[in-house]
Amino acid sequence: MNQIFETIKKIAFKIDHAIKTADLGYSDSENSSGEEQLKLDVQSDIIIEKAFAHISSVKALVSEEKEGILEISDSGKYTICYDPLDGSSLVDVNLSVGSIFGIYEGELRGENLVASAYVVYGPRIELVIATCDSKPMLYRVMDSEFKLIGEIEMKEKGKLNASGGTQQHWAKQHKNFIDSLFLEGYRLRYSGGMVPDLHQIMLKGGGLFSYPSTTDIPNGKLRQLFEVIPFALMYEQAGGEAIDDNGMRLLELVPAHPHDTSPCFFGSKYEISALKLAYGI
Ligand code: AHG
Ligand code: MN
Ligand code: MN
């Protein structure tokens, strides 16, 4: 597993370099979710695939940017599901973006996630790694190396509120709940990149990030294997909670297809309890 984490550090430097120097235009292809791919999405995907291609503990790779499962080594133990460049459409306005990695052992389902990691490409490069038996650990690049900053622990209750999806398509109960948090004094934080948005809420102590079911996208937008499940482990290990709109832990999701999505809510304990009350779940 350590070799995988070391590889993620090398990947982070390469993708950061690409973000800072590469062409920001569109490629002429779409990904499996029907989204136009930027050249940077494709380039980041290639960087990750090449980096893991010779790591013997890696059994297979599943990318947000590719349809199928890429077999790497028969004797490998882990399948790495990754979003090469989350929030890539924000690079041209110079906002923070990220890469997300879910490391699974066995069948691709939430309960088989053994570790997750994400990189934030912002004013600094940061990396967070979580395993099932430790708090998430924060690393930051200083003097061209990742240095351990410390453990991440969320408070019982936070101050930030971030909800995705088009408001005109929110369900009434979601609108009422989000309004109630603002009436309680919560402040809006939403950049449109789940990595910096979830990172901010986790590091500032807590709050709520929602990507609900909407009338136009009933299963939400965020993908289970590459986005939702890896962050669910982060939030639970940091002392928060991560559930869907039925109150089920996101770590219990069982995707039928690698690109399946799910409505999702990540927060500290207080906001998730309030959500359960508001949704009646
Ligand atoms: P990606 O760039 O990998 O396609 O993911 C973008 C995601 C996520 O980062 C963010 O939270 C969400 O899309 C924003 O969607 P909305 O604009 O619908 O809120
Ligand atoms: Mn993404
Ligand atoms: Mn992406």
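This passage describes the sheet, the helices packed on it and a surface patch in a predicted model.

The sheet is open and comprises eight strands in the order S4-S3-S5-S6-S7-S8-S9-S10, with mixed pairing. Its edges are formed by strand S4 (69-71) and strand S10 (145-151), each of which pairs on one side only. From one strand to the next, the twist averages 20°. Within this arrangement, strand S3 (residues 58-63) and strand S5 (residues 78-86) run parallel and are joined by five bridges. Val58 is located opposite Tyr78 in S5.

Two helices that pack on the sheet are H1 and H4. Helix H1 (residues 2-21) touches S3 and S5, together with strand S6 (97-105), strand S7 (113-121), strand S8 (125-131), strand S9 (137-142) and S10. The direction of H1 makes about 25° with that of S7. Helix H4 touches S5, S6, S7, S8 and S9, and the direction of H4 makes about 100° with that of S7.

Ahead of helix H4 (194-203) lies a loop that follows strand S12 (187-188) and contains Tyr190. Because its relative accessibility is 37%, Tyr190 counts as partly exposed. Tyr190 also contributes, with Phe182 and Leu188, to a nonpolar surface patch of about 290 Å².

How values were computed. Residues numbered from 1 in each chain as written. Chains lettered and ligands numbered in written order. Predicted model: local features only at pLDDT ≥ 70, side-chain atom pairs only at ≥ 80, totals over all residues. Heavy atoms only, no water. Patch = residues over 30% accessible without salt bridge, like charges linked within 9 Å, V, L, I, M, F, W, Y side chains within 5 Å. Areas by Shrake-Rupley, 256 points an atom, 1.4 Å probe, with all protein chains shown as cover. Salt bridge = Lys/Arg side-chain N within 4 Å of Asp/Glu carboxyl O. Helix = DSSP H or I, 4+ residues; strand = E, 2+ residues; numbered from the N terminus. Buried < 20%, exposed > 50% of the residue type's maximum accessible area, 1.4 Å probe, protein only. Pairing = 2+ DSSP bridges. Axes fitted to C-alpha atoms, helices over the stretch in contact; angles between N-to-C directions. Contact = heavy atoms within 4.5 Å.
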